[in-house]
Amino acid sequence: MLIYSLIPARGGSKSVPNKNIRLLRGKPLIAHSIEISLKCPSIQRTFVSTDSEQIAEVAKSAGAEVPFLRPSELAQDDTRDLPVFKHFLEWLEQNRVPLPDAIFQFRPTSPSRSISKIEEAVELLKKHPEADSVRGVIAPEQNPYKMWTISANGFMHPLLSIPGVPEPFNEPRQSLPKVYWQIGYLDLIRTQTIINKNSLTGTCVLPLKIDNEDSIDIDNEFSFRLAEFLLENRGGDC
């Protein structure tokens with residue numbers, strides 16, 4: 001199976017300025033994702049998609065391929081992942097680079113991955129030819145069956161319901177359906193899912209269960225400092 005990884009890293013982060021190249025344990029944040037990708041036996045090539053020349057130079061220094069700069073219209077605050085991946089596939093085709101069978105998405109904001117978990121995702125996809133993708137998930141701290149919405153009149157309404165259970169929000173947590181929270185640890189998507197289903201997930205999605213303590217997702221200053229603390233206390237490289 002031919003597999004590439006794509007690390008999307010736009011410039012212009014507002015919550016944490018220069019987040020993708022800010023030093024985390026002595027190296028740029030994006031370098032953590034690049035280095036683990038380069039170490040994985042199942043990944044043949046590691047690419048970075050960015051609109052920033054500065055990020056591109058840092059990524060190249062870390063060993064990634066950055067053969068293009070992403071158009072600015074695909075690097076806005078509200079830009080979704082799908083057009084970024086479609087742009088990448090179009091570049092591959094235009095430059096006669098063989099299309100992979102599947103693509104990993106490694107978000108720079110999740111710097112703590114293991115080779116064994118990445119390889120486990122590959123084996124999952126190989127084992128299930130009907131699957132469109134594999135997505136990293138964890139057990140959430142809060143159960144959505146105990147969540148509410150507030151209507152315009154100020155009254156609350158349960159977010160979710162369970163057939164035959166009149167008040168799931170009053171049920172013990174242990175009796176509620178088990179749920180999972182998607183994280184940025186990894187996504188592994190078949191290329192044909194992107195092309196034929198116009199989706200980064202498809203309809204048949206396999207879970208890759210990640211231990212909560214291994215899940216780090218940086219989206220603000222507090223979580224960046226928390227990541228530094230957790231990785232420092234864990235010891236070794238991340």
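**Group meeting: salt bridges, a cavity and a surface patch**

Let me begin with phenylalanine 155, which at 57% relative accessibility counts as exposed, and which sits in the loop between β7, residues 148–150, and β8, residues 156–158. I should say at once that what we have in front of us is a predicted model, and I would ask you to keep that in mind throughout. If you take the C-alpha atom of phenylalanine 155 and that of cysteine 40, which is 115 residues away along the chain, you will find the two atoms separated by 51 Å.

Staying with the surface, there is a nonpolar patch formed by Phe222, Leu226, Phe229 and Leu230, and together these residues present about 410 Å² of accessible area. One of them, phenylalanine 229, belongs to helix α6, which covers residues 221–234.

Let me turn now to the charged side chains, where a search of the whole structure finds 11 salt bridges, and I will take you through some of them. In one, the side chains of arginine 10 and aspartate 77 meet at 2.7 Å, taken from N to O. Which parts of the chain does this pair tie together? Arginine 10 is in the loop between β1 (3–8) and β2 (23–24), while aspartate 77 is in the loop between α2 (53–61) and α3 (81–94), so the salt bridge connects parts that lie 67 residues apart in sequence. As for the surroundings of the two partners, arginine 10 is partly exposed at 25% relative accessibility, whereas aspartate 77, with a relative accessible area of 51%, is exposed.

A second pair joins arginine 45 to glutamate 65, with an N to O distance of 2.6 Å. Here arginine 45 lies in strand β4, residues 45–49, and glutamate 65 in the loop between α2 and α3, so that this salt bridge ties together parts 20 residues apart in sequence. Arginine 45 is partly exposed, its relative accessible area being 27%, and glutamate 65 is likewise partly exposed, at 28%.

The third pair is glutamate 35 with lysine 27, whose side chains meet in a salt bridge of 2.8 Å, N to O. Is lysine 27 buried or exposed? With a relative accessible area of 16%, lysine 27 is buried, while glutamate 35, at 25% relative accessibility, counts as partly exposed. Beyond these pairs, Arg22, Glu221 and Arg225 are linked in a network of salt bridges.

Next, the interior. The structure holds 1 cavity of 30 Å³ or more, and the volume of the largest cavity is about 40 Å³. Its lining is made up of Ser110, Pro111 and Ser112, then Ile183, Gly184 and Tyr185, and finally Asp214, Ser215, Ile216 and Asp217. By character, these lining residues divide into 4 nonpolar, 4 polar and 2 charged.

I would like to close with two points of backbone geometry. Arginine 25, although it is not a glycine, has a positive phi of about 55 degrees; this residue is found in the loop between β2 and β3 (27–28), and with a relative accessible area of 34% arginine 25 is partly exposed. Asparagine 198, again a residue other than glycine, has a positive phi near 50 degrees. Where is asparagine 198 found? Its place is the loop between α5, residues 191–197, and β10, residues 205–209, and asparagine 198 is partly exposed there, with a relative accessible area of 42%.

Conventions: Residues are numbered from 1 along each chain as its sequence is written. This is a predicted model: local features need pLDDT of at least 70, side-chain atom pairs count only at pLDDT 80 or more; totals for chains, interfaces and linings use all residues. Side-chain values use heavy atoms; hydrogens and water are left out. Patches are made of residues with over 30% relative accessible area and no salt bridge: like charges are joined within 9 Å, nonpolar side chains (Val, Leu, Ile, Met, Phe, Trp, Tyr) within 5 Å. Accessible areas come from the Shrake-Rupley method with a 1.4 Å probe; for residues, only the protein chains shown count as cover. A salt bridge is a side-chain nitrogen of Lys or Arg within 4 Å of a carboxyl oxygen of Asp or Glu. Helices (H or I, at least four residues) and strands (E, at least two) are DSSP runs, numbered from the N terminus. On a 1 Å grid over the protein atoms alone, a cavity is a set of points where a 1.4 Å probe fits but cannot get out, and a pocket is an open set with protein on both sides within 12 Å along at least five of seven lines; lining residues have an atom within 4 Å of a point. Grid points are joined across faces, edges and corners, and a volume is the space filled by probe spheres set on the points. Ala, Val, Leu, Ile, Met, Phe, Trp, Tyr, Cys and Pro count as nonpolar, Asp, Glu, Lys and Arg as charged, and the others, Gly among them, as polar. Buried means under 20% relative accessible area, exposed over 50%, partly exposed in between (1.4 Å probe, protein chains only).
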